[in-house]
Amino acid sequence: MRGVTSLIALLPWIGLLAAAGCANSEAPATLAAAMDTVNGVPRLTYPEGTAPDLGWRLDTVAVIGGFDAAGDSYQFDQVRPGGVAGDGRGHVYVLDGAGRRVLGFDEAGRPMGAWGRDGNGPGELANPGGLAVAPDGTLWVTDDGNRRVTLIPTAGDLEPESIPLPEDAGALSGRIALTERGLYGVLMTFRFSPGDDSGPPPLPLVHMSLDGIYDDTLWVAERPHMDRVEAQAGNQVMLLLVQQAFAPGFFWGRFSDGTFAVAEGPEYEIHVLDPGGDPLRIVRRDPPARETTPQDMETERQRQRDRAPPGNIPGAEQMREKHLEALTFADRIPRITGLAIDAEDRLWVGVSVDTPGETERIDVYDREGALLGELPDRSGVPLAFYGADLAAELAVDELDVQQVVVYRLVEGAAGG
């Protein structure tokens, strides 16, 4: 394939924390942060010690999709992390990348409808990547294949609209945030050809106005090292850029007042920005990121070997073997595994404690950076918070078929 899109000095301790609800009797009532400044920006550094166990629950409300799900309304695949969004009424929407459509479900997981189809006409999708829902129920879908953002009404007789993107600019992909001024998202598209040794560009978090112009950049993250994999399948040369093992992610979220939280790199460090991208504060927590060990590397290699290659793709097995040969590893294991902002403007941060890439704890902060407490033993930070108390995340069933799990957040569940 000739053009391939890539896959992708401290001051004295001060008590900044409020007691976290009904805390575990063995947990401290508060956990204090040290405070200093970095280039004039306040920095809060929390210690490694145990924070209060919030005792909140995420109770399963519905499991949508999976191999045994009956009916086309429950069948979806190639849903990306930015392809799940909800609205204030408790409805959740899933961007079905394989079907080039958006599926809607009510609070109980019952189908409400499907919008979009494959194509380049009004309301049609070619390579959709991100999804947001406007207050009036209109679906905003970023579509790299059609070089536009498609607006699809879900009610009434309104016709779909589109916002064309500049041909010489990248496209938004992954998570997007919708405001009255347009969209926020990350420019992620990168194409390369045989013989092209140029590396992928950085990842800017940008604002796109309603006329399709990228008019503001809030943050620029360094793109992690990518492994270049090449394999022969018949008379075709297959090229792939794969992010190296244990490379840190780039995570961001938007608070209701227009400020942002962003995290990149291996360290546990979150930058809070004002609506224009200027720094407001830095939130850190110990311990530092640990070094990658030989055992980490071997465990990851085995995990890659155990993964089934993608079905129905010529040369997939050869590509996997080439990838294992070329596999490289980041020097340090990242601490942050995910980030999201809930309906109460609280910041949820997924944390890897011992196992690379796994969310073994979630830390919850208020918008000012006060650590409210922890949620231990969680499998991951939800992809979307919506309604008054709902959350959704992607999962797979025992046959690796994608599902969306809907939860209800129950606070104050711990005894005390």
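**Exercise 1. Describe the hairpin formed by β2 and β3.**

Solution. Start with the turn: two residues lie between the strands. One residue of the turn, Asn39, has a positive phi of about 50 degrees. Next, the pairing: β2 (residues 34-38) and β3 (residues 41-46) run antiparallel, joined by five bridges. Within it, Met35 stands opposite Leu44 of β3. Strands here are DSSP runs (E, at least two residues), numbered from the N terminus. Two strands pair if DSSP finds at least two bridges between them.

The model is predicted: local features need pLDDT of at least 70, side-chain atom pairs count only at pLDDT 80 or more, and totals for chains, interfaces and linings use all residues. Residues are numbered from 1 along each chain as its sequence is written, and side-chain values use heavy atoms, with hydrogens and water left out.

**Exercise 2. Work out the order of the open sheet and find its edges.**

Solution. Read the order: β9-β10-β11-β12, with antiparallel pairing. The edges are β9 (128-133) and β12 (161-164). Each has a single partner strand, so one side of each lacks a neighbour in the sheet. Now take one pair: β9 meets β10 (residues 139-143) over five bridges, antiparallel. There, Pro128 stands opposite Asp143 in β10.

**Exercise 3. Is Asp106 buried or exposed? Locate its surroundings.**

Solution. Place Asp106 first: the loop between β7 (101-105) and β8 (111-115). Its relative accessible area is 15%, so Asp106 is buried (buried is under 20%, exposed over 50%, partly exposed in between; 1.4 Å probe, protein chains only). Then list contacts (heavy atoms within 4.5 Å): leaving aside neighbours within four places in sequence, Asp106 touches Gly90, His91 and Met112.

Notes: Helix = DSSP H or I, 4+ residues; strand = E, 2+ residues; numbered from the N terminus.
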